[in-house]
Amino acid sequence: MATMIERKFAGRTLILESGRMARQADGSVLVQFGETAILATVVADKRPTKLPFFPLTVEYREKSYAAGKIPGGFFKREGRPSEKEILSARQIDRSIRPLFPQGFQNETQVVIYILSADQENDADVLGLIGASAALNISSVPFPYPIAAVRVGRLDGEWVLNPTFQQLEFSDVDIVVSGSQDSIVMVEGGALEISEDEFIDALEFAHAGIRELVAIQRELVGPLAKPKMEWAPAAIHEELASRVNQLAAMRVDEALNLPNKEERNAALSALREDITTEVAEPFQEEIEDYADQVDRVIDDIEYETLRRQILDKGERVDGRAAGDIRQIGCEVGLLPRTHGSALFTRGSTQALAIVTLGTSRDEQRIDTIDVSQETSKSFMLHYNFPPFSVGEVRPFRGPSRREIGHGALAERALQPLLPPYEEFPYTIRIVSDILESNGSSSMATVCGGSLALMQAGVPVRAGCAGVAMGLIKEGDRVVILTDIMGIEDHLGDMDFKVAGTRKGITSVQMDIKIEGLSTELMREAMRQAREARFYILDIMDKTLSQPRTSLSPMAPRIITLQVNPEKIGEVIGPKGKTIRGIEEETGAEVNIEDSGLITISSVSWEAGERAREIIESIVKEPEVGVIYEGVVKNTTSFGAFVEILPNVEGLCHISELEDGRVEKTEDVVKRGDTIRVKLISVDERGRMRLSRRAALAAEREGAEAS
């Protein structure tokens, strides 16, 4: 029997229902907000795996039928997930993963289907509400409900779950997830807001989250199944004691080696040595002997790093909590690219390349949200090759992590780009991570900012990013600036902040613990702001302003607006005219229905020549102006003269010259080029021309000179 809860939330109707759909899943919930609806399901394997990580997968899939659409493409069915689907799945994954109990190893799958899309309400925040409710109903050991909201700001007022239409006028777009007592995940961007405004947005979001948690509890209470019995994989006590005796001192020494490569090599050798050294008598007695040794050493690394930071205030690379690794910036490395920069911070290095294109290079987007943009003129693609961390791994398509990091950096830089009307280029940034030891997405922001400036893109300001970390044990807290990979892995927070000197443009926060206070958040934001300004100071020494000219390799783009009624004349019959212009000049010509014409070419001269030809085609005749035209036809009453392409007027026989003219052909013949003055245009658009007036004007000009 279905159970349904219906409540008002953020001015719209929110419905949570369970028991009608997908009843064979461990837990399933239908969530409807407005007329957008999602189905969330949870299934967990009854047996634990022996994988070295928690095998959780989250799938977020948009159904084209949700918006009354048939998918594009040859097969006419949904294919691999889009970027939007992947980013939404990551938001849900990052929110729920830290809350599963430590040691739970049963393979778990959360699936979100978008069943109805009303073109007003985004389904991504509904996906987490549904996933949380389904998990709490199921037998999966998930501790308590969580929820997500989107925060916007209109005319200085915070708005909960703004519609797509409202977001177009909002200077903030942040998704926040959390529980009754704490925030778990933050993802979003803004138009250079201050740190205090960001904290205000989180507090506003948390009030909405508490409402949603209360609604979930109403649904879950009577439906919750008994939680499955499970136990974390046991570790042999005697083995753990023996490994601790042998490894504690060596782990401490290995962790404090000066660079990542030495640390990794020492820790790897340590694991091999101890696995061999304690093999007798445990190897035959314990089935997963090697795995248990690894888990014990993992625990030692965890405790050693955290204790060193909390007790001594020292990080494993020798830095203090607020120190930033050494930074190097280079621009213009690659002569044939339109813009390039190499940003290095410690052992993290991003090569950022900017390519400028035309409107034909825009990315076309097939989405169920028809109100959203269907093309993108700015793209940032992040690549994380295996050699960047000294690994061998097959090359596949972009991973979810790569797509997520690219979106974060893209969101940081996009608010700083000039309006398309002022800089009508399609812009693509590619960030190839050449080395990685933490915060490669923020290195991408820094490198991307420098590459844009070096390419001559008139960005409003430079942009930098930094990743903040946290070590918290009870009341003892240390906030870390510019965290390394190992500090992200063993720490309690990964908080990435990007922005300019004026404010924040992009944030991403994942918290692994509860009870992160507002005061602690403010301190992390203050420390991140100081770090951002420090990085911007270093970047400014390399390049503080955009180049005043584009690369010689970049296309030159000229735009002109013409009367939409003239578009057909520019295109010509079956495209003959526009093809002729492109063949003659070598320029590329794009025409929009509004009459906006974009001309792009590598050489400025080619673009100017194409512009002149187009202007001559669309030019409107002006009364009083003298034109040089070709006689197209002669009659007994005068000559028809083409003064502009496809624009003819009549020069009456009385206007051919002073005095009486017996026959038109006595003065002009078909094919002659003559100068005529446009005397008038009647209400029907017919033009009167005068050769006599043009000759008189020329005589007066000669006498005056």
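# A tour from a three-stranded sheet to its salt bridges

Begin by selecting Asn590, and look across to Thr598 in β24, the residue that stands opposite Asn590. The model on the screen is a predicted one, and the tour moves from this pair of residues to the sheet around them and then to a set of salt bridges.

**The sheet**

Widen the selection to β23 and to strand β24 (residues 596-601), which run antiparallel and are joined by 4 bridges. Adding β22 completes an open sheet of 3 strands, whose order is β22-β24-β23 and whose pairing is antiparallel. At the edges are β22 (556-561) and β23 (588-591), each of which pairs on one side only. If you follow the sheet across, the twist from one strand to the next averages 20°.

Next, display helix α15 (residues 604-618), which packs on this sheet and touches β22, β23 and β24, with a direction that makes about 15° with that of β22.

**A salt bridge between two helices**

Leave the sheet now and turn to the salt bridges, of which the structure holds 57. Select Glu195 and Arg532, where the closest N and O atoms of the salt bridge are 3.3 Å apart. Because Glu195 belongs to helix α4 (residues 195-220) and Arg532 to helix α12 (residues 518-542), this pair ties together parts that lie 337 residues apart in sequence. Are these two partners buried or exposed? Glu195 is buried, at a relative accessible area of 12%, and Arg532 also counts as buried, at 1% relative accessibility.

**Two pairs that reach the loop between β27 and β28**

Select Arg688 and Glu655 next, whose side chains meet in a salt bridge with an N to O distance of 3.8 Å. This pair links distant parts of the chain, 33 residues apart, since Arg688 is in strand β29 (residues 687-690) while Glu655 is in the loop between β27 (647-652) and β28 (673-681). Glu655 is buried, with a relative accessible area of 11%, whereas Arg688 is partly exposed, with 42%.

Then move to Arg691 and Glu657, whose side chains form a salt bridge at 3.9 Å, N to O. Arg691 lies in helix α16 (residues 691-704) and Glu657 in the loop between β27 and β28, so parts 34 residues apart in sequence are tied together by this pair. Glu657 is partly exposed, having a relative accessible area of 31%.

**A shared network**

For the last stop, select Lys84, Asp122, Asp124, Arg150 and Asp173 together, which salt bridges with shared partners join into one network.

How values were computed. Residues are numbered from 1 along each chain as its sequence is written. This is a predicted model: local features need pLDDT of at least 70, side-chain atom pairs count only at pLDDT 80 or more; totals for chains, interfaces and linings use all residues. Side-chain values use heavy atoms; hydrogens and water are left out. A salt bridge is a side-chain nitrogen of Lys or Arg within 4 Å of a carboxyl oxygen of Asp or Glu. Buried means under 20% relative accessible area, exposed over 50%, partly exposed in between (1.4 Å probe, protein chains only). Two strands pair if DSSP finds at least two bridges between them. Axes are lines fitted to C-alpha atoms, for helices over the stretch in contact, and angles run from 0 to 180 degrees between N-to-C directions. Contact means heavy atoms within 4.5 Å.
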